[in-house]
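Opening a fresh page for this one. I want to look up the charged side-chain pairs and jot down how open each partner is.

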Amino acid sequence: NRLGLVLAEPNAEQRKQIGIAHGLVVVEVRNGGARTELRPGDVILALINKGVQTDIRSVEQFNGLLAKIERSNPLTLLVRRGEAQTFITIKGANGK
């Protein structure tokens, strides 16, 4: 996707092991991905845009939501890293 993220949908066993009901695992951070604070192994739980939080359930859904956001607008991701959850804001998803 345009953020340079390679994402995977965890299967039921992986979700149970991680302790999540939904979300996408960051497999790889490519090209422009350096401007994000995401790392492989992070789990994207939700995308927040203009105050609206949407739980992430599939790669297709995430990429569809991303496509609707203007490239110059910031977006925020709710991310689980290990046992902690944090918000990561990506300023201008176009790399500028």
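Cut-offs first, for my own use: I call a residue buried under 20% relative accessible area, exposed over 50%, and partly exposed in between. I'm also reminding myself that this is a predicted model.

Entry one, the overall search. How many salt bridges turn up in the whole structure? I get four. I wrote up three pairs, as below.

Entry two, Arg 30 and Glu 28. I find these two in a salt bridge, with 3.2 Å between the closest N and O atoms. Is Glu 28 buried or exposed? Neither, as it turns out: Glu 28 has 34% relative accessibility, so I put it down as partly exposed. Arg 30 comes out at 46%, so I file it as partly exposed too.

Entry three, Arg 57 and Asp 55. Here I note another salt bridge, and its closest N and O atoms are 3.8 Å apart. Arg 57 counts as exposed because its relative accessibility is 52%, which is over the 50% cut-off. Asp 55 sits at 31%, so it goes in my partly exposed column.

Entry four, Arg 80 and Glu 83. I see their side chains meeting in a salt bridge at 3.5 Å, N to O. Which side of the cut-offs does Arg 80 fall on, buried or exposed? I have Arg 80 as buried, because its relative accessibility is 12% and the limit is 20%. Its partner Glu 83 has 75%, so I mark that one exposed. My summary for this pair: a buried Arg 80 bridged to an exposed Glu 83.

Methods. Residues numbered from 1 in each chain as written. Predicted model: local features only at pLDDT ≥ 70, side-chain atom pairs only at ≥ 80, totals over all residues. Heavy atoms only, no water. Buried < 20%, exposed > 50% of the residue type's maximum accessible area, 1.4 Å probe, protein only.
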